[in-house]
Every structure is written in structure tokens, then in C-alpha cells.
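Let's take a walk through this one together, going from the overall build down to single residues. Have the viewer open and follow along.

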Amino acid sequence: MVTLHVDNVVDGHIAALDKGQPGQRYLLTGENASFLQVFDIAAAITNTKTPRFNIPMLVMEIYGWLSVLFWKTSTY
């Protein structure tokens, strides 16, 4: 997961508008952080405990695809 502060996103968009070339693409990237690091930071900010269990990536991917499938079949 890449984290990026909103001020940096704004600065990147302004720089692309001012200095960018038509037809070019620009990447706005920040610090790479694992989900564990993100949850640790969120817990510290909210003064709560971090999650005590891990969900395997495969389970999250399957859930994501099932969510997309459910959304597509329920919106038509």
C-alpha cells in the first residue's frame, strides 16, 4: 500500500498543470507501507489496539472478486 499526503497530491497536480507536457503521464507516489504498518499507525492515532489476527491475502482477494461479482449481478 502506498501512502501519500493530500498536500503532496495537490502539489503534484499543480506541478503537472504548470510543467507537464500534453499526452504525458505522471506518477504521484509516496511511502510504501504494509497493512500492518497502516493498522499500527491508525491504532496509535485513535488510541486503540491493533487487530489481533491476520487474514490471509488469498482470502482477501477472493472476497474482493466475490464483491465485484455480486455488485455486477445485482446492478443489472
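**A tour from Leu 27 outward**

Leu 27 has a relative accessible area of 79%, so it counts as exposed, the cut-off for that label being over 50%. Keep in mind as you look around that this is a predicted model. Where does Leu 27 lie? You'll find Leu 27 in the loop between helix H1, residues 6-19, and strand E2, residues 31-32. Now pick out Glu 61, which is 34 residues from Leu 27 along the chain. The C-alpha atoms of Leu 27 and Glu 61 are separated by 25 Å.

Time to zoom out. The protein chain has three helices and two strands, and reading from the N terminus the elements go β-α-β-α-α. The radius of gyration is 18 Å, whereas the globule rule gives 11 Å for 76 residues, so the chain is more spread out than a compact globule. If you'd rather think in terms of a bounding box along the principal axes, the C-alpha atoms fill one of roughly 45 × 45 × 20 Å.

How much of the chain counts as buried? Just 4% of the 76 residues do, with buried meaning under 20% relative accessible area. The accessible surface of the chain adds up to about 7300 Å², and carbon and sulfur atoms account for 63% of that. On the charge side, there are 5 positive and 6 negative charges, and the mean positions of the two sets sit 10 Å apart.

Back to single residues, with helix H1 next. Ala 15 is located in helix H1. Its relative accessibility is 33%, so Ala 15 is classed as partly exposed. Arg 25 comes ten residues away from Ala 15 along the chain, and their C-alpha atoms are separated by 12 Å.

Move on to helix H2, which spans residues 35-46. Both Phe 35 and Phe 39 belong to this helix. Phe 35 has a relative accessible area of 41% and is therefore partly exposed. Phe 39, with 44%, is partly exposed too. Try drawing a line from Phe 39 to Tyr 26: the two are 13 residues apart in sequence, while their C-alpha atoms are 29 Å apart in space.

Which residues make the nonpolar surface patch? Phe 35 and Phe 39 both contribute, together with Met 1, Phe 53, Ile 55, Met 57, Val 59 and Met 60. The patch covers about 800 Å². Helices H2 and H3 each supply at least two of its residues, and the largest share, three residues, comes from H3.

One last stop, between those two helices. Asn 47 sits in the loop that runs from helix H2 (35-46) to helix H3 (57-74). What about its backbone? Asn 47 isn't a glycine, yet it has a positive phi of about 55°. As for its surroundings, Asn 47 has a relative accessibility of 72%, so it counts as exposed.

To pull the tour together: Leu 27 and Asn 47 are both exposed loop residues. The chain around them is more spread out than a compact globule, and 4% of its residues count as buried. On its surface you can trace the nonpolar patch of about 800 Å², to which H3 gives the largest share.

Technical notes:
Residues numbered from 1 in each chain as written. Predicted model: local features only at pLDDT ≥ 70, side-chain atom pairs only at ≥ 80, totals over all residues. Heavy atoms only, no water. Helix = DSSP H or I, 4+ residues; strand = E, 2+ residues; numbered from the N terminus. Buried < 20%, exposed > 50% of the residue type's maximum accessible area, 1.4 Å probe, protein only. Patch = residues over 30% accessible without salt bridge, like charges linked within 9 Å, V, L, I, M, F, W, Y side chains within 5 Å. Areas by Shrake-Rupley, 256 points an atom, 1.4 Å probe, with all protein chains shown as cover. Salt bridge = Lys/Arg side-chain N within 4 Å of Asp/Glu carboxyl O. Rg over C-alpha atoms; globule rule 2.2 N^0.38 Å. Lys, Arg positive; Asp, Glu negative; His and termini not counted. Charge placed at Lys NZ, Arg CZ, Asp CG, Glu CD.
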